[in-house]
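Student: I am new to this one. Could you take me slowly through a single part of it, starting from one residue in the interior and working outwards?

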Amino acid sequence: MQKAGILGLGCYLPPKKLTNSDLEKMVETSDEWITTRTGIKERRIASKEVAASDLGAEASRAAIKDAGLLPEDIDLIITATITPDMAFPATSCIIQDKIGAKNAACFDINAACSGFVFTMVIAQQFVNSGLYNHVLVVGTEKLTSIVDWKDRLTCVLFGDGAGACVVGKSKNRVILSSFMGADGSGGHLLSVPAGGSRLPATEDTVKDRLHFLKMEGNEVFKIAVRIMVDAANKAIKKAGLGRDDISLFIPHQANIRILLAVAKRLGVPQEKIFMNIEKYGNMSAASTAVALVEASQENRIKKGEHVVLVAFGGGLTYGAVVVKW
Ligand code: UT7
């Protein structure tokens, strides 16, 4: 019996690049600090009129084409984003309209940087249960719309982009297992404080810059390594595999030092950790999505090999999926 797997993949990165030397002109920072502390050299910036749905629609079209399907064949769209076009309607509905997926049900999820991994798990359930045949999952972010360009602690880290995947019954690239977790007590470590029902927008919230992303980077860093390793190990065990059975780990791209620490703790060589943070920075839900697409396009995964997608982020949330290519 065929199980839920990857039918098609696509991504979209806005063409405009913001380099570390560009940032040197905006805040008190240096290419040397950003490179050594984060591994980021440049990130993509979507233009003013572009929203998360525009990036997501481009990635979706590419994924549907790659799957050999038409937009009408998609029966569910799930978008993971923390930068929706607006509070509602859901960005999935806006993407549905843009790409002409008129037969699809739509909803969004909010699991921050773990969002794309979570959508893969949700899609797997719908496909394996037989409720939907072709689920389009999208990780899309215009993080530069919530970045405080006066805060050097955060503005050097983030970028814009989108990745998408069509999940359906498949003989290969099958989702074998998954793990999802959360720790709401760490929610304050990574948030946009205002703009919701707790602190609706007022002149004061704008003046106090509370609509921008806030992060306690040091605290998040410590937790990130531990929970990504834990999530990856749990998903690998659930698949009945061991660490050495995994050919490639595709982790959320938050900081190169986190990625290297994860490799060390997992006990795997660096070559087994996919990295593209140098080019894009942290794109939250889009990071793992784009990394998965690029790993596939660069032929980093051969047929029959096992790959682990693993992420952590605001919430706090964390999760992993194991895919047999
Ligand atoms: O995807 C969501 C999850 N997010 C993450 O995973 C992020 C996790 N955290 C991190 O990646 C790191 O904590 C950061 C990259 C955010 C910061 O790196 P760090 O090594 O933890 O630096 P720090 O915050 O301890 O700051 C060290 C120094 C400070 O100066 P003093 O106090 O030692 O004089 C900062 O003020 O570096 C300074 N600093 C900067 N200097 C130049 C902080 N940001 C900058 C900057 N340029 N952009």
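Tutor: Start at V321, which is buried, with a relative accessible area of 0%. Buried means under 20% relative accessible area, exposed over 50%, and partly exposed lies in between (1.4 Å probe, protein chains only). The model is predicted, so local features need pLDDT of at least 70 and side-chain atom pairs count only at pLDDT 80 or more, while totals for chains, interfaces and linings use all residues. Residues are numbered from 1 along each chain as its sequence is written, and side-chain values use heavy atoms, with hydrogens and water left out.

V321 sits in strand β13, residues 317-324. Helices (H or I, at least four residues) and strands (E, at least two) are DSSP runs, numbered from the N terminus. What does V321 touch, leaving aside its neighbours within four places in sequence? Its contacts are V117, M120, V121, I175, S177, S178, V307, V308 and L309. Contact here means heavy atoms within 4.5 Å. A further residue to look at is A231: its C-alpha atom is separated from that of V321 by 8.8 Å, although their places lie 90 residues apart along the chain.

Take V308 next, one of the residues that V321 touches. V308 belongs to strand β12, residues 306-313. Is V308 buried or exposed? V308 is buried, at 0% relative accessibility. Leaving aside its neighbours within four places in sequence, V308 contacts A232, I236, I246, L248, F249, I250, A320, V321 and V322. V308 and I175 are 133 residues apart along the chain, with C-alpha atoms separated by 9.8 Å. I175 is also among the contacts of V321.

Now follow V117, another contact of V321. It leads to a pair of helices. The axes of α5 (residues 115-129) and α11 (residues 285-297) come within 6 Å and cross at roughly 70°. Axes are lines fitted to C-alpha atoms, for helices over the stretch in contact, and angles run from 0 to 180 degrees between N-to-C directions. That crossing makes α5 roughly perpendicular to α11, a term for 65 to 115 degrees. Which residues make the contact? From α5 come G115, F116 and V117, and from α11 come A285, T288, A289 and L292. They divide into 5 nonpolar, 2 polar and no charged. Ala, Val, Leu, Ile, Met, Phe, Trp, Tyr, Cys and Pro count as nonpolar, Asp, Glu, Lys and Arg as charged, and the others, Gly among them, as polar.

Helix α11 also takes part in a salt bridge. The side chains of K279 and E294 meet there, 3.2 Å from N to O. K279 lies in helix α10 (residues 277-280) and E294 in α11, so the pair ties together parts 15 residues apart in sequence. A salt bridge is a side-chain nitrogen of Lys or Arg within 4 Å of a carboxyl oxygen of Asp or Glu. The two partners sit differently: E294 is buried, at 7% relative accessible area, while K279 is partly exposed, at 32%. The structure holds 10 salt bridges.

Between α10 and α11 runs a loop, and S284 lies in it. S284 is buried, with a relative accessible area of 1%. Its side chain reaches the backbone nitrogen of C113 at 3.4 Å. Beyond its neighbours within four places in sequence, S284 contacts I82, A112, C113, E141, L143 and H252.

E141 leads on to T83. The side chains of T83 and E141 make a polar contact at 2.6 Å. That term means a pair of N or O atoms within 3.5 Å; within protein, one must be able to donate a hydrogen and the other to accept it, and residues adjacent in sequence count only if both atoms are side-chain atoms. T83 lies in the loop between β4 (76-80) and α4, and is buried at 6%. Leaving aside neighbours within four places in sequence, T83 contacts A52, T140, E141, K142, L143, S145 and I146.

Finish at P84, also in the loop between β4 and α4. Here we leave the buried residues: P84 is partly exposed, with a relative accessible area of 35%. P84 and K142 are 58 residues apart in sequence, yet 8.2 Å apart in space, C-alpha to C-alpha.

Methods: Parallel < 35°, antiparallel > 145°, perpendicular 65-115°, else oblique.
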